[in-house]
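Colleague: Got a minute to walk me through this one? Let's start with the fold, then go to the ligand.

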Amino acid sequence: MRNKLKIGLFGFGVVGQGLYQVLQKSKTVDAEIQAICVKNKKQRALAEDNFVYKSDFLLDNDDLDVIVELIDDADEAYAIVKTALLNGKNVVSGNKKMLAEHLGELIELQKKTGQSLLYDASACGSIPVIRSIEEYYDNDLLSSVTGILNGSSNYILTQIFRDGRSYSESLNEAQDLGFAESNPSFDVDGFDSLFKLIIISLHSFGILVKSDKIINFGISNIMPQDIRYAKEKGLNIKLVAKVWKHGDNKLSMYVLPHLVSRDEYIYNVEDEFNGVVIEGEFYDKQFMFGKGAGALPTGSAVLSDITALSYQYKYEYKKQKYFKPLDYTNDVEIEIYLRYNKLVDFSHFNFENISEKYSSNETNFVVGTIKLSSLLDLKKILPKLDVFLAVI
Ligand SMILES: NC(=O)c1ccc[n+]([C@@H]2O[C@H](COP(=O)([O-])OP(=O)(O)OC[C@H]3O[C@@H](n4cnc5c(N)ncnc54)[C@H](OP(=O)(O)O)[C@@H]3O)[C@@H](O)[C@H]2O)c1
């Protein structure tokens, strides 16, 4: 039995406005935005009397049954979501940073209050990856989830590779089109993908790993030499997030650029699209593809969560509840390409084994194996070094 949902919306930026538009067009959802809380007074697409500026106006309003949180401030988002659950409201959120940092506590709060917190829009925009993993892949043994989870950096890489444009030109365009976060480092240095990976891994493997335990390195150091290297070998460069099971009971994760060959599903994932490859013990590989960013695709994912609330849907966190816990480890080797300009930068890297070395006046690179733990030790300084690396 579906009830009409009265929504209090936080944020009227890219996604908030996207939600407003898809809700206007949707013929089947019985839901209505009753008030919108934003931060600043300014000219907007809707009349001023639709907006409020104090969060209490929504959070303490007994007429509202759903709070939709779509703001760009993770700390404020956490306060809003927590208060909303405690005040007996169901919540939809798109804020992956807030979720990755606070999901442990927010799961407990859902149990305590009986309310539901849904966040499919937080990972991969319009691709229903979380609910699919939670429901469709609930009883299967997943072995890995690998994907392009950030639309903005994928847009930039596509512009560089396919259209021969510069990094800065492509980044500006991604921001103008609303794909990029307010702070571009969030996208291009792999933090956005990292937070999404943490959320996806919780639903896939039942383990919530803290962000400082996972290496993330993005695309902001990419240079023409790296692009030339990839093109000469017929490869593409993609920013990839990966979680995989190995050994007896071990799990590892990273967000790193990958050199991708034509026969990989993600090779053709271009522009602001995302692509997720789900691998399981019994069905081999499955591939989910769709728009991972932007007003309407993300707005439609939020709307899907709102609809799910109308039939009292809750995530059950099945893998956490019913499966044997896995051990998270960075004690695992990966093979990388590392381009460097100065030996002092190269000296930070503890390779287990080097299979290829190249030096010229223009560029230097090595190909070799290195432990994730060794890369994690460099997590803070890596973006400041004049190096680029990619998993082979
Ligand atoms: N953009 C995407 O494609 C995308 C995709 C998936 C998920 N997301 C997530 O969705 C969320 C929103 O992203 P966005 O791109 O829509 O951001 P945005 O365009 O920067 O808009 C942010 C909105 O939040 C409002 N806001 C900020 N702090 C607030 C506060 N304390 N109280 C009330 N309102 C506040 C701002 O108010 P003012 O209008 O007054 O400035 C603005 O309306 C983020 O968590 C983002 O990670 C975005």
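Modeller: There is an open sheet of six strands, ordered S3-S2-S1-S4-S5-S6, with parallel pairing. Strands are DSSP runs of E, at least two residues, and helices are H or I runs of at least four, numbered from the N terminus. Two strands pair if DSSP finds at least two bridges between them. This is a predicted model: local features need pLDDT of at least 70, side-chain atom pairs need 80 or more, and totals for chains, interfaces and linings use all residues. Residues are numbered from 1 along each chain as its sequence is written, and side-chain values use heavy atoms, without hydrogens and water.

Colleague: Which are the edge strands?

Modeller: S3 (51–52) and S6 (117–118), each pairing on one side only.

Colleague: How many bridges join S4 to S5?

Modeller: Four, between residues 66–69 of S4 and 90–93 of S5. Glu69 stands opposite Ser93 there.

Colleague: Now the ligand. Which residues come nearest?

Modeller: Phe12, Val15, Asn40, Arg44 and Gly294, out of 24 around the ligand (a heavy atom within 4 Å).

Colleague: What polar backbone atoms are there by its oxygen atoms?

Modeller: One of Val15 is 2.8 Å from a ligand oxygen. For Gly294, a backbone N or O atom lies 2.7 Å from one. Gly13 has a polar backbone atom at 3.2 Å. Polar contacts here are N or O pairs within 3.5 Å.

Colleague: How much of the ligand's area does the protein cover?

Modeller: 89% of 910 Å² accessible area (Shrake-Rupley, 1.4 Å probe).

Conventions: A polar contact is a pair of N or O atoms within 3.5 Å; within protein, one must be able to donate a hydrogen and the other to accept it, and residues adjacent in sequence count only if both atoms are side-chain atoms.
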